Amino acid sequence: MASMLEDLSLLTSLHRQVVEESGRADLLEITDALERRCRGEEDGDPAALVAALDPDTTARIARLLTVHLHLTNLAEERHRARSLRSEDGEYGGGADTGDIGPAVAAAGPDARERVERMRIHPVLTAHPTEARRRAVASALRRIAEHLDAHDDPGSGPSERARSRRRMLEDIDILQRTSTLRITRPTPADEVKTVLTVFRQSLIHAVPRFQRAVEAAFGGDVRPGERPLPPIVRFGSWVGGDRDGNPFVTAEVTRETVRAHADQALEILHDAVDRVARMITVDEESTPPTATLRDALANDAAAHPRLLAEVTKDSPNEPHRQKLLVVAARLAATRDERAGVAYSGPEEALADLALVQDSLVAAGDARTAYGELQDVVWMVQTFGFHLAELEVRQHSSVHRAALVEVLGLLPEDERPSDVEAAARDASLLDRLAVDGWPELEGSPEGATREVLDTLRVMAWLQQRWGRRSCGRYVVSFSQSAADLVAVRALARLAVGSRPLELDVVPLFETGADLDAADRTLEAWVGLASTAGWLERVERRVEVMLGYSDSAKDVGPASATLALHRAQVGLVAWARRHAVELTLFHGRGGSLGRGGGPLHRAIAAQPTGSVDGRFKVTEQGEVIFARYADVRIAEQHLERVASAVLLTDSPGHAEARDAALGRFADVGQVVDEASRRAFRDLVEQPGFADFFAMSSPLDLLADLRLGSRPSRRSGTESGRSLDDLRAIPWVFAWSMTRVNLPGWYGLGSGLAALPTLDGAREAYRSWPVFAALVDVAEMSLAKTDDELAAGFLRLGGRPELAERVLEELALTRRMVLSLLGQSEMLERKPHLYTAVGLRRPFVDMLSHLLLRGLAEFRSTGEEAGSEWHRPLLLTVNGLAAGLQNTG
């Protein structure tokens with residue numbers, strides 16, 4: 001941590017220099033005084049200092065504090081990346097911290113076989129929890145590069161001076177760059193952001209990760225043995241997720257896959273071309289196989305001009321010649337040049353394998369499985385599509401579409417009650433299998449868009465392969481009819497034309513999770529499902545929603561409901577001989593399933609992982625885990641280690657024993673915590689109280705993403721049911737209450753006769769430990785005094801008191817359970833990270849509280865001068881709290 005504090009001290013001093021040079025030393029005087037009061041180093045209420053500030057000064061101080069918090073995050077990220085370079089680094093060296101070697105050693109003699117079957121599948125989403133603009137992120141990336149050069153032991157005085165000057169320049173730019181988005185990003189903007197992550201880090205992190213896993217088995221490939229198959233697959237919802245987002249259309253989805261393919265083919269061309277120019281082995285030292293000679297002869301017949309050119313540039317170098325042909329054909333595929341282009345990634349992989357086999361036959365396995373193998377892994381992982389685009393839509397949209405199209409059937413075919421027919425799984429199953437009669441009219445509006453999306457998916461698969469866009473996630477799946485509805489609509493959209501569609505149910509509410517196995521039981525009995533199961537070798541994906549379940553029944557009860565649902569789903573899969581992959585819809589925030597991912601994997605029920613782990617990654621989490629190559633590699637190792645170990649016999653036996661032993665503890669906590677949560681949110685006027693206590697209604701003005709904050713598409717209103725989980729969590733974090741991460745747990749623990757069983761459950765039952773750890777982190781970021789101030793704005797003292805009483809109870813019960821005097825006491829890294837930011841987060845909270853009070857008391861029109869300062873403050877708090885949505 002010393003190096004991080006040194007970096008932060010340097011960055012802070014440079015930042016202060018920039019502010020002083022701009023003529024605003026007065027801002028530093030105010031923030032210094034405010035910081036001393038927030039730290040308790042000076043008598044006086046911080047609120048009194050804040051009360052004297054006008055809106056303009058408040059805005060300037062908010063920007064200053066936001067830059068400081070961004071620099072703090074940068075210093076911590078750099079420290080983490082540097083630690084990964086050393087075996088004894090703070091973040092490495094163990095199976096639970098990112099080094100896969102110990103996990104492989106602990107996994108036993110079948111470790112390699114299990115790794116060969118392993119699949120890790122992160123899915124990047126556009127859920128709007130990343131408050132930084134791309135301009136801000138770019139400035140921070142440049143500062144990080146200068147900081148690395150400055151800290152490099154090999155840098156001389158002139159290099160260090162240059163790095164310092166460049167840091168001053170970029171910090172000055174950062175301080176003068178607006179942190180707020182002027183316009184809301186479009187889905188195309190969000191696609192560009194995700195593509196940047198792939199280009200800058202993920203394409204490099206994947207082969208590095210594969211090498212790390214190979215190294216755990218001894219490094220070099222043994223004679224007769226091939227390298228490990230690819231372990232990672234990437235998915236994306238960006239440009240495919242239309243649940244409540246009217247801006248994601250069929251055309252957007254088509255253009256998204258086109259952009260994916262363009263990026264993937266450019267990357268692969270550059271990689272193959274680079275390796276081709278490196279592999280200069282000649283045919284005398286490394287004679288080609290007859291198969292390679294035949295392939296080059298066929299290439300000469302098919303592409304004579306291309307072969308003449310590569311032969312002229314690389315005489316007597318057949319392996320290089322073939323690779324240059326591959327590079328040229330990848331370029332042609334990108335340019336859509338018929339005749340030269342590849343039909344798909346499998347054809348390119350066959351050519352690369354041909355070169356590898358020839359090199360191995362000539363005794364040069366080292367070259368065959370060196371940099372060339374990295375390219376093979378890239379093609380296997382990214383294909384020509386980069387990430388598998390997934391479509392998501394709400395079940396109610398399909399139901400409405402079916403009502404419309406059923407009403408367009410000929411009179412003698414039309415159901416008497418189309419509303420009921422749209423929910424009739426057996427009727428929809430017949431339509432999916434047998435097809436539809438000709439409609440008397442054309443669907444319009446939202447229904448036409450649903451059908452166009454399915455048509456586009458069919459076209460994309462024909463153009464870029466099945467993996468490019470084949471999964472269709474159904475939000476709020478509540479019945480078998482909700483699932484077969486997609487297949488029925490697909491049959492109407494494309495008829496008998498090919499469309500390979502994997503329908504993925506998403507179970508989100510507490511009731512839906514409890515009924516998940518029964519819903520699938522009805523679904524699997526349908527003819528359309530049975531036929532599809534045979535085509536996909538009985539592989540099924542089921543998605544679990546962490547966000548809306550926590551918003552529905554509270555964090556503790558949702559965690560236990562999710563665990564219960566997984567146990568039931570594993571049993572269902574075994575009954576039907578199905579290979580089940582559970583897709584975890586986890587958010588970045590603690591109230592939406594966030595927290596350490598490797599701990600979450602270890603907490604899954606036995607049989608629910610089985611070497612396969614799929615999870616959503618969104619917002620600030622994407623950048624925290626994947627924007628840096630070293631951190632991305634380490635994160636993938638950490639996940640792979642957890643996946644490898646979680647189903648090992650020892651772990652499984654201990655977990656199963658704990659599940660049986662602590663079932664009563666879980667049931668008591670579940671029921672009492674759910675009751676406490678529902679008793680709060682069902683209070684009349686609670687939605688209004690929440691909105692008035694928080695900056696909820698201002699979040700839309702931050703323009704974080706293309707998707708509206710409410711599923712109805714309207715940004716106003718007071719319905720919690722319509723409100724998405726992200727703004728629900730984001731707004732509560734701004735109030736320093738963090739209610740979605742802990743509310744109800746105190747009541748749940750208090751309902752136990754003693755805490756002895758809970759203490760033992762925390763030590764022995766991973767799911768219970770994960771539940772408590774999330775609450776502990778959430779509580780560490782709360783502040784009672786500030787929380788009370790925000791809650792007073794709601795104008796409902798009885799509701800405010802109820803929240804504060806549960807907060808005090810939960811804090812008391814969690815500390816007693818953990819045997820601690822304060823939160824994170826036994827997690828020193830997290831304790832330090834939160835502590836570093838706390839005074840600056842507190843300062844911003846005081847600014848926000850004062851600004852909201854002014855805004856509420858004067859009315860939005862009269863208080864419009866506070867609008868921008870409030871947005872800047874919320875943006876700064878997002879940087880300081882980090883996992884806000």
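Which residues are exposed on the other side of helix 11? In this predicted model, the exposed residues there are A290, N298 and A301. The opposite condition holds for L292, A295, L296 and D299, which are the buried residues of helix 11. Viewed along the helix axis, these buried residues are confined to an arc of 95°, and they therefore line one face of helix 11. Their packing partners are helix 12 (304-313), helix 13 (318-334) and helix 14 (345-361). The length of helix 11 was also examined. The helix comprises 13 residues, 290-302, for which a rise of 1.5 Å a residue predicts a span of 18 Å; the end C-alpha atoms lie 18 Å apart, in agreement with that expectation.

A one-sided arrangement was likewise found for helix 23, which covers residues 516-524 and has A516, T519, L520, W523 and V524 as its buried residues. Down the axis of helix 23, the buried residues occupy an arc of 125°, so that they line one face of the helix. The elements against which these residues pack include both helices and strands: helix 21 (480-494), strand 5 (502-507), helix 22 (510-514), helix 24 (527-535), strand 6 and helix 26 (555-575).

Strand 6, spanning residues 539-545, is paired with strand 7 in the parallel sense, and seven bridges connect the two. Within this pairing, E541 is positioned opposite T581 of strand 7. Strand 7 is also joined to strand 8 by two bridges, again with the strands running parallel. Here F583 faces K614 of strand 8. Of the seven residues that form strand 7 (579-585), six are buried, and the strand is therefore largely enclosed by the rest of the structure.

Nonpolar side chains tend to be buried together in soluble globular proteins. In the present model, the largest nonpolar core contains 154 residues, and W436 and L454 are those with the most contacts inside it. Residues up to four places away in sequence being disregarded, L454 touches Y472, V486, L489, A490, A493, V494, L499 and L501. Another core, of 96 residues, lies apart from the largest one and includes A658, L752, F768 and L871.

Positive phi values in residues other than glycine were noted at D610 and R736. For D610, phi is near 50°. This residue is placed in the loop that links helix 27 (597-602) to strand 8 (612-618). With a relative accessible area of 36%, D610 is partly exposed, because its value falls between the limits of 20% for buried and 50% for exposed residues. For R736, phi is near 65°. R736 also belongs to a loop, in this case between helix 33 (725-734) and helix 34 (745-750). The relative accessibility of R736 is 2%, so this residue counts as buried.

R736 is among the residues touched by D842, together with C38, D783 and L786, when residues up to four places away in sequence are not counted. D842 itself is located in helix 39, which extends over residues 828-858. Its relative accessible area of 7% is under the 20% limit, and D842 is therefore buried.

Note on methods: Residues numbered from 1 in each chain as written. Predicted model: local features only at pLDDT ≥ 70, side-chain atom pairs only at ≥ 80, totals over all residues. Heavy atoms only, no water. Core = buried A, V, L, I, M, F, W, Y, C linked by side-chain atoms within 4.5 Å. Buried < 20%, exposed > 50% of the residue type's maximum accessible area, 1.4 Å probe, protein only. Contact = heavy atoms within 4.5 Å. Helix = DSSP H or I, 4+ residues; strand = E, 2+ residues; numbered from the N terminus. Expected span 1.5 Å × (residues − 1). Arc of directions from axis to C-beta. Pairing = 2+ DSSP bridges.
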